[in-house]
Amino acid sequence: MLLRITGNYDEMSELAAGIVAERLRKNPALVLGLATGSTPLGTYRALIRMHREQGLDFSRVTTFNLDEYIGLGATHPQSYHRFMEEHLFQHLNLDRRFTFIADGMAKDVEAHCDWYEEQIRLSGGIDIQILGIGRNGHLAFNEPGSSLGSRTRIKPLSEETRRDNARYFASLEAVPTHAITMGIGTIMEARELILLASGDTKADAVKAAVEGPITAIVPASIMQMHRRAYVIVDQPAAAKLTRTYLG
Ligand code: PGA
């Protein structure tokens, strides 16, 4: 695990975007794993700026998102389809045939999940996957207790996650109860991982993921098993780490 503690959110975002940009310059046909939530927004803004100002080219990039709510169509304001459109896709020169997000309205969810896994395989696999972390240590919507070998599938959301995400919805009741999520096994097959965490509300989860035992109760702790996993956090999110980290 390559842990980087940055001074603040903006530095965290610039560092993450810089890694993605560097990989993209080396490999114009990069397969990029994307996350939603408030944490990666600064990274996306930095990538958009590099696209505009430096001509960072996304025309041959394929993207795969981690998850989508069950029951929300692509045009629903709180769907992750809309989130990605608004905060990233419409600002870049992506080929939209190659921006994959699971379909929350899929009739046969199991078949759709298998199809999604197949698309990842056909793309050659994810080169670099951006990740957030839940306050409960979840990775994507792999809530505590998720199988560490799991693949893309439907999962119920924990009450904690539904409460955390209620800020985007009119009420707690409006938050979907289930999601399609890449599995932990799927995520672990990405060649590189970048986990981002910002703010003191993430400090316990970061400590458990980085310094705790590897356990399904803290899904993000599985990153300790990955060969090339960056954990990029700001000072408040790093506040509970007890070992000394250099560099
Ligand atoms: P956040 O969500 O970036 O909005 O904090 C992260 C997550 O729940 O994985």
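A residue counts as near a molecule if one of its heavy atoms lies within 4 Å of it. By that yardstick, the ligand here is surrounded by Gly37, Ser38, Thr39, Gly132, Ile133, Gly134, His138, Arg167 and Lys202. This is a predicted model, where local features need pLDDT of at least 70, side-chain atom pairs count only at pLDDT 80 or more, and totals for chains, interfaces and linings use all residues. Residues are numbered from 1 along each chain as its sequence is written, and side-chain values use heavy atoms, with hydrogens and water left out.

**Ligand contacts**
- Polar contacts (pairs of N or O atoms within 3.5 Å) tie in three side chains: an oxygen atom of the ligand lies 2.6 Å from Lys202, one lies 2.7 Å from His138, and one lies 3.0 Å from Arg167.
- On its own the ligand has 280 Å² of accessible area, and the protein covers 83% of that (Shrake-Rupley method, 1.4 Å probe).

**The pocket**
- The ligand sits in the largest pocket, meaning more than half of its atoms lie within 2 Å of the pocket's grid points.
- A pocket is an open set of points on a 1 Å grid over the protein atoms alone, where a 1.4 Å probe fits and protein lies on both sides within 12 Å along at least five of seven lines.
- That pocket's volume, the space filled by probe spheres set on the points, is about 680 Å³.

**The lining**
- Lining residues have an atom within 4 Å of a point; there are 34 of them, with Thr36, Gly37, Ser38, Asn165 and Arg167 nearest the centre.
- Helix H3 (80-87) is among the elements that supply at least two lining residues, and H3 gives the most, with five.

Conventions: Polar contact = N/O pair within 3.5 Å; in protein donor to acceptor, adjacent residues only side chain to side chain. Helix = DSSP H or I, 4+ residues; strand = E, 2+ residues; numbered from the N terminus.
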